[in-house]
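Student: Pick one part of this model and take me through it closely, with the cut-offs spelled out. I'd like to see how that part sits in the rest of the chain.

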Amino acid sequence: MLTIQQILSRCTEEQLESILSSSQELMSHMEFIANRPSIELAGECEQYWKVHGINAMAFLELAARAQGTRKRESEPI
């Protein structure tokens, strides 16, 4: 089974930026629809935490590449 980190490590920077943007937008929509602030929604909604986790992993992958500590994996999965 593949991990999300393995998938993200093979994404281009443009794909990672798109994932980051989309996940932030999705979390905002979830907050709007639930009519609750993020802190309340996070305590009640497992899906919110999953999206937040993907957001964080995409951000960390982009940051590591920008700092030069990680490069994109090019080998097939």
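Tutor: Let's start with a term: a contact here means heavy atoms within 4.5 Å. Among contacts in the protein chain between residues at least 6 apart in sequence, 67% join residues at least 24 apart. Keep in mind that this is a predicted model, where local features need pLDDT of at least 70 and side-chain atom pairs count only at pLDDT 80 or more, while totals for chains, interfaces and linings use all residues. Residues are numbered from 1 along each chain as its sequence is written, and side-chain values use heavy atoms, with hydrogens and water left out.

The chain has four helices and zero strands, so named from DSSP runs (H or I, at least four residues, for helices; E, at least two, for strands) and numbered from the N terminus. In sequence order the pattern is α-α-α-α, and the C-alpha atoms fill a box of roughly 40 × 25 × 15 Å along the principal axes.

The part I'd pick is H4, residues 46-67. Its 22 residues reach 32 Å from first C-alpha to last, close to the expected 32 Å; that expectation is 1.5 Å times one less than the number of residues. Right after H4 comes glycine 68, with a positive phi near 80°.

Now for what H4 hides. Buried means under 20% relative accessible area, exposed over 50%, and partly exposed in between, with a 1.4 Å probe and protein chains only. By that cut-off, Tyr48, Val51, Asn55, Ala58, Glu61, Leu62, Ala64 and Arg65 are the buried residues of H4. An α-helix has 3.6 residues a turn, so residues three or four places apart point the same way. The buried set of H4 packs against H1 (4-8), H2 (13-34) and H3 (38-44). Across the whole chain, 25% of the 77 residues are buried.

Two of those H4 residues, Tyr48 and Val51, belong to the largest nonpolar core, along with Met27, Met30, Leu41, Ala42 and Cys45. H2, H3 and H4 each supply at least two residues of this core. Such a core is a set of buried Ala, Val, Leu, Ile, Met, Phe, Trp, Tyr and Cys residues joined through side-chain atoms within 4.5 Å. Met30 touches Tyr48 as well as Leu41, Cys45 and Gln47, leaving aside neighbours within four places in sequence. Apart from the largest core lies another, of six residues, and H4 has Leu62 there; Leu8, Cys11 and Leu20 are also among them.

Two more residues of H4, Glu61 and Arg65, touch Ser9, as do Arg72 and Glu73, not counting residues up to four places away in sequence. Ser9 sits in the loop between H1 and H2, and it counts as buried because its relative accessible area is 8%.

Histidine 52 gives another link: glutamine 24 is 28 residues away from it in sequence, yet their C-alpha atoms are 7.8 Å apart. Glutamine 24 belongs to H2 and, at 41% relative accessibility, counts as partly exposed.

For contrast, look at asparagine 35, in the loop between H2 and H3. Its phi is positive, about 55°, although it is not a glycine, and at 68% relative accessibility it counts as exposed.
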